[in-house]
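Please examine the model shown below before reading on. The paragraphs that follow lead from a single side chain to the wider packing of the chain.

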Amino acid sequence: MSEVVDIYTDGACKGNPGVGGWGAILESGGKTRELCGGEKLTTNNRMELTAVIRALGALKQPSRVRVHTDSQYVQLGISTWIHGWKKRGWRTADRKPVKNEDLWRCLDELAQQHEVEWLWVRGHSGHDGNERADALANRGVESVQS
């Protein structure tokens, strides 16, 4: 596999549910690619998941990846909770349907194509990649508000 791709992601939502946006930055080999988008009616968690899905989907070959997210929902969901969900037929520990199952399935499929390390970073604490991803997510919100 090639060198590591660092991915920084964030989601934003004005109202929850409400107008949402997502942002992602891919960095590798001195190159940077920025992605963002939005949806008119969504949730913050859906935008956090979408950011990672779009970033992983942008990779053209299997890669070693470090995903930096300020969403414990994403980080714990994909690295810990998903194993139990799958064993229980996409049900939570208390037998309720997993929220955002469509996105979790998509993320799971994409993550299996790469060697991914899932890193949680504290949001809005001056972490450069996270701050830039946050700005892109807000640009995504603006793109559907106008």
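**From one side chain to the core**

In this predicted model, the side chain of Gln 75 comes to 3.4 Å from the backbone oxygen of Trp 118. Gln 75 lies in helix H2, which spans residues 72-87. Is Gln 75 buried or exposed? It counts as buried because its relative accessibility is 16%, and the cut-off for burial is under 20%. Beyond residues up to four places away in sequence, Gln 75 touches Thr 69, Trp 118, Leu 119 and Trp 120.

Trp 118 also leads to the nonpolar interior. The largest nonpolar core has 30 residues, and Trp 118 is among those with the most contacts inside it, together with Ile 7, Leu 26, Leu 56, Trp 104 and Leu 107. Two or more residues of this core come from each of strand E1 (5-14), E2, H1, strand E4 (64-69), H2 and helix H3 (101-111). H1 gives the largest share, seven residues. A second, separate core has five residues, including Ala 12, Val 19, Ala 137 and Val 141.

Helix H1 covers residues 44-57 and reaches 20 Å from its first C-alpha to its last. Its buried residues include Leu 49, Val 52, Ile 53 and Leu 56. Leu 107 is in contact with these four, and also with Ile 78 and Trp 118, when its neighbours within four places in sequence are left aside.

Strand E2 (residues 18-28) runs antiparallel to strand E3 (residues 31-42), and 10 bridges join the two. Within this pair, Gly 21 stands opposite Gly 38. Two residues separate the strands of this hairpin, and Gly 29 in the turn has a positive phi of about 55°.

Definitions and conventions: Residues are numbered from 1 along each chain as its sequence is written. This is a predicted model: local features need pLDDT of at least 70, side-chain atom pairs count only at pLDDT 80 or more; totals for chains, interfaces and linings use all residues. Side-chain values use heavy atoms; hydrogens and water are left out. Two strands pair if DSSP finds at least two bridges between them. Helices (H or I, at least four residues) and strands (E, at least two) are DSSP runs, numbered from the N terminus. The expected span of a helix is 1.5 Å times one less than its number of residues. Buried means under 20% relative accessible area, exposed over 50%, partly exposed in between (1.4 Å probe, protein chains only). A polar contact is a pair of N or O atoms within 3.5 Å; within protein, one must be able to donate a hydrogen and the other to accept it, and residues adjacent in sequence count only if both atoms are side-chain atoms. Contact means heavy atoms within 4.5 Å. A nonpolar core is a set of buried Ala, Val, Leu, Ile, Met, Phe, Trp, Tyr and Cys residues joined through side-chain atoms within 4.5 Å.
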